[in-house]
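Q: I would like to learn how to read a sheet and the helices packed around it. Where should we begin?

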Amino acid sequence: MKILIVDDEPNIRDLMHRYLSLDGIDSDCAENGLSAQRMLAEVAYDACLVDLKMPGMDGLSLISWIRSEGFRMPIIMISAHGEITDAVCALKEGAQDYIVKPFDPEELVIRLKKLVEAQHLKNLVESETRNNTDEDKQIFVGESNSIKRIKDVIGKISDTNSTVLITGESGTGKEVVAREIHASSPVKDGPFVAINIGGVPENLLESELFGYEKGAFTGAVSRKTGMFELASGGTLFLDEIGDMPLSLQVKILRVLQDRKITRLGGTAAMPINARIIAATNKDLEQRVRDGVFREDLFYRLNVVRIVIPPLRERREDIPLLAAGILKRLNRQMGHKVTGFSADALALLCSHEFYGNVRELENILERAVIFSSGDEIQSDDLDLRGSVSLHTQSKDEPKLSDAEAKSLKDVEIDAIIRALHRWEGNRTRAAEELGISRRTLINKIAEYDLNL
């Protein structure tokens with residue numbers, strides 16, 4: 001927690017600073033409103049303690065400026081004048097509390113902690129409301145050497161704020177790893193905010209990330225808080241960063257360099273204190289060579305690299321993953337399937353899983369639905385319905401015309417069924433199929449599907 005104390009009396013500033021320090025709370029001091037403005041533009045604070053009467057810019061004017069610039073931190077107004085009109089004016093301008101000098105320092109700390117906790121909870125609720133998916137409930141498990149190495153890396157970066165780049169095929173669990181990093185970091189009590197870059201239309205992506213001011217464009221009838229702000233005090237997960245348009249990459253680079261954002265239609269640069277984790281199933285080095293991804297942004301993101309191998313390369317993890325997924329499905333669906341027969345488990349462990357963990361989840365969900373006993377049997381596993389849209393390897397024999405036509409039909413059928421299952425939601429359908437949203441849109445156009 002970091003607090004800004006704004007008071008023109010040195011003794012009062014020093015008293016509050018020392019008392020907050022005794023409680024383990026970090027704080028900076030500003031002697032007037034103008035100094036506070038400069039400091040707020042440079043550092044992300046969790047709350048402000050503002051004196052009412054100050055030369056130049058008084059406390060009410062400072063609070064009005066803080067709110068007009070879009071800073072969300074709670075504010076406590078402090079004054080030697082106990083008039084009710086002062087309290088009303090302070091609350092009207094945007095303060096959350098009002099305390100009169102001389103005050104009990106212990107009471108001030110109690111009020112301050114309550115306000116900061118309430119703001120963090122509000123950010124957490126807003127972020128979870130925007131990002132509430134079943135995938136959030138996955139647990140990072142595995143005993144393969146590759147997973148043990150990933151866990152070791154997570155342990156080494158747990159007490160840092162370094163930017164992390166997670167790479168791996170679609171469905172390998174990149175967000176699960178990102179959540180594991182968040183859960184073991186100093187900001188674990190803050191929000192975890194995730195955005196799928198490929199799932200947001202290009203013309204809306206900037207406003208989703210940075211937010212916007214009222215009147216910034218047609219339809220902006222009120223101010224909107226962006227993902228960077230929502231993630232304040234926590235982690236921002238930029239999924240499918242390889243799909244980010246070039247026009248926006250330079251702005252993300254500037255955010256990573258300066259740790260500040262500006263809302264669309266706004267003028268003030270606001271500091272951010274969110275940890276950034278990015279992920280992609282693309283070969284970013286190749287995209288840099290192709291000129292569709294900025295090299296300087298790549299190096300800014302690639303501070304710590306975590307590569308998640310596909311599930312077919314770590315088959316020893318399948319039993320653990322299957323057990324965890326089965327437990328979650330039982331809870332969600334109200335079933336009581338206790339486990340797998342030996343044949344069923346052997347069948348799962350021999351499957352290729354080009355859709356990785358997401359494909360395993362889909363197979364097990366169908367198996368739980370159709371299972372008639374306490375255990376999932378091999379007959380319950382419909383592996384034929386698991387369709388991969390992966391590119392043919394150079395080492396594989398070429399398909400005949402008849403086989404190519406059959407593969408096309410299979411892809412069309414898989415796309416139609418996925419879209420119907422998700423009621424036309426292309427982002428969800430693409431996730432199920434193990435491809436990006438843009439790839440799905442291209443497939444729909446290629447096959448001229450009227451969906």
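A: Begin with a single strand, bearing in mind that this is a predicted model. Strand β10 is covered on both faces: Thr235, Phe237 and Asp239 are buried on one side, and Leu236 and Leu238 are buried on the other.

Q: Why do the residues of a strand divide between two sides in this way?

A: In a regular strand, side chains alternate between the two faces of the sheet. In β10, which spans residues 235-239, five of the five residues are buried, so the strand is mostly covered.

Q: Which strands pair with β10, and in which sense?

A: Pairing is read from the bridges between strands. Strand β7 (residues 192-196) pairs with β10 in the parallel sense over five bridges. Within that pair, Val193 stands opposite Leu236. Strand β13 (residues 275-280) is also parallel to β10 and is joined to it by four bridges. Here Phe237 of β10 faces Ile277 of β13.

Q: What does β6 pair with?

A: Strand β6 (residues 164-168) is paired with β13 through four bridges, in the parallel sense. Thr167 stands opposite Thr280 in β13.

Q: What is the order of the strands in the open sheet?

A: The order is read by following the pairs across the sheet. This open sheet has five strands in the order β7-β10-β13-β6-β14, with parallel pairing. Its edge strands are β7 and β14 (304-308), each of which pairs on one side only. From one strand to the next, the twist averages 20 degrees.

Q: Which strands does α7 lie across?

A: Helix α7 lies across β6, β7, β10, β13 and β14, and runs at about 155 degrees to β6.

Q: Is α7 largely enclosed or largely open?

A: Burial is judged residue by residue, with under 20% relative accessible area as the cut-off. Of the 10 residues of α7 (residues 174-183), eight are buried, so the helix is largely enclosed by the rest of the structure. The buried residues include charged ones, among them Lys174, Glu175 and Arg179.

Q: How do the axes of α8 and α10 meet?

A: For two helices, look at the distance between the axes and the angle at which they cross. The axes of α8 (residues 202-210) and α10 (residues 246-258) come within 11 Å and cross at roughly 15 degrees. That angle makes α8 roughly parallel to α10. The crossing is left-handed.

Q: Which residues make the contact?

A: On α8 they are Glu202, Leu205, Glu206, Leu209 and Phe210, and on α10 they are Ser247, Leu248, Lys251, Ile252 and Val255. By class, six are nonpolar, one is polar and three are charged.

Conventions
Residues numbered from 1 in each chain as written. Predicted model: local features only at pLDDT ≥ 70, side-chain atom pairs only at ≥ 80, totals over all residues. Heavy atoms only, no water. Buried < 20%, exposed > 50% of the residue type's maximum accessible area, 1.4 Å probe, protein only. Axes fitted to C-alpha atoms, helices over the stretch in contact; angles between N-to-C directions. Parallel < 35°, antiparallel > 145°, perpendicular 65-115°, else oblique. Left-handed = near helix turned anticlockwise from the far one by under 90°. Contact = heavy atoms within 4.5 Å. Pairing = 2+ DSSP bridges.
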